[in-house]
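Visitor: Could you take me on a close look at the salt bridges here? I would like to know which side chains pair up and how they sit in the fold.

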Amino acid sequence: MTVPVVRSQAWVEAGQLALQQAVDALPADAVTEPSALPGWTRGHLLTHLARNADALVNLLTWARTGIRTPMYASPDQRTTDIEAGAGRPLAEQRDDVRESAARFRKAARSLSADAWSATVVSAQGREIPASEVPWLRAREVWIHLVDLHVGVGMDALPPGFAWALVRDVAGWMSARLGPGVGAELSADGHDTVVLGTPAPGVTVGGPPYALAAWLTGRSGTDELHVTGELPEIPRWL
């Protein structure tokens, strides 16, 4: 997924501000209440957001220094860290979300133009340029703000970000759909995105946030305009 670093960083900052405002408004006992993600409380989700920021700082450090610094030291670290931090008091969680975001911001601002083109490895083992890291962070912040279950829906996503998310997820999904499964995706003011290998005439249109919600499994399809049969899509991770 190619998004200019400056644009991705702007989406990170906007998302982080919205996230922090939502977290600051939570009552003290909110961390033990369920998030929109099965099996996770809000405490799990807030801890994940903070540790994700630190994990992505590792990739930016790798790009800046040339020293291999993976997101996580072991395959189990991500889960262990989330479970260890999920039950902390809300005040500690708020500080952690804010301070980890500041560390990410500082690390991103320290990279030179050459460092942004360095190759690092994502948590899924995919080789990516460091310039993709801010996009990964923007994606985490905005989507999990919705998952925090505080009344913020996918319609809060900036339209440009939502359409970039549609392109990103559709690209990931296309390789996982069988022959003849897919659709042409469209939204006013944007180019068409092809999902999979659609049968002729199968289209799905709507606001960028509604398309993003459908592709990421975060809402129904009430706002989509479907011609033909809506394709069955895999769960997006």
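Guide: Happy to! A salt bridge here means a side-chain nitrogen of Lys or Arg within 4 Å of a carboxyl oxygen of Asp or Glu. By that rule, this predicted model holds 12 salt bridges.

Let's begin with D24 and R98, whose closest N and O atoms are 3.4 Å apart. This pair links distant parts of the chain, with the two positions 74 residues apart in numbering: D24 belongs to helix α1 (residues 5–24) and R98 to helix α4 (residues 90–109). D24 counts as partly exposed because its relative accessibility is 37%, and R98 is likewise partly exposed, at 38%.

Next come E33 and R42, where the side chains meet with an N to O distance of 2.5 Å. Here the two partners fall into separate classes, and the cut-off explains why: buried means under 20% relative accessible area. R42 has 8%, so R42 is buried, while E33, with 32%, is partly exposed.

A third salt bridge joins R139 and D168, at 2.8 Å from N to O. R139 sits in helix α6 (residues 133–147) and D168 in helix α7 (residues 159–174), so the contact ties together parts 29 residues apart in sequence. Both R139 and D168 are buried.

Finally, look at the residues that share partners: R51, D54, R88, E92, D96 and R103 are joined by their salt bridges into one network.

How values were computed: Residues are numbered from 1 along each chain as its sequence is written. This is a predicted model: local features need pLDDT of at least 70, side-chain atom pairs count only at pLDDT 80 or more; totals for chains, interfaces and linings use all residues. Side-chain values use heavy atoms; hydrogens and water are left out. Helices (H or I, at least four residues) and strands (E, at least two) are DSSP runs, numbered from the N terminus. Buried means under 20% relative accessible area, exposed over 50%, partly exposed in between (1.4 Å probe, protein chains only).
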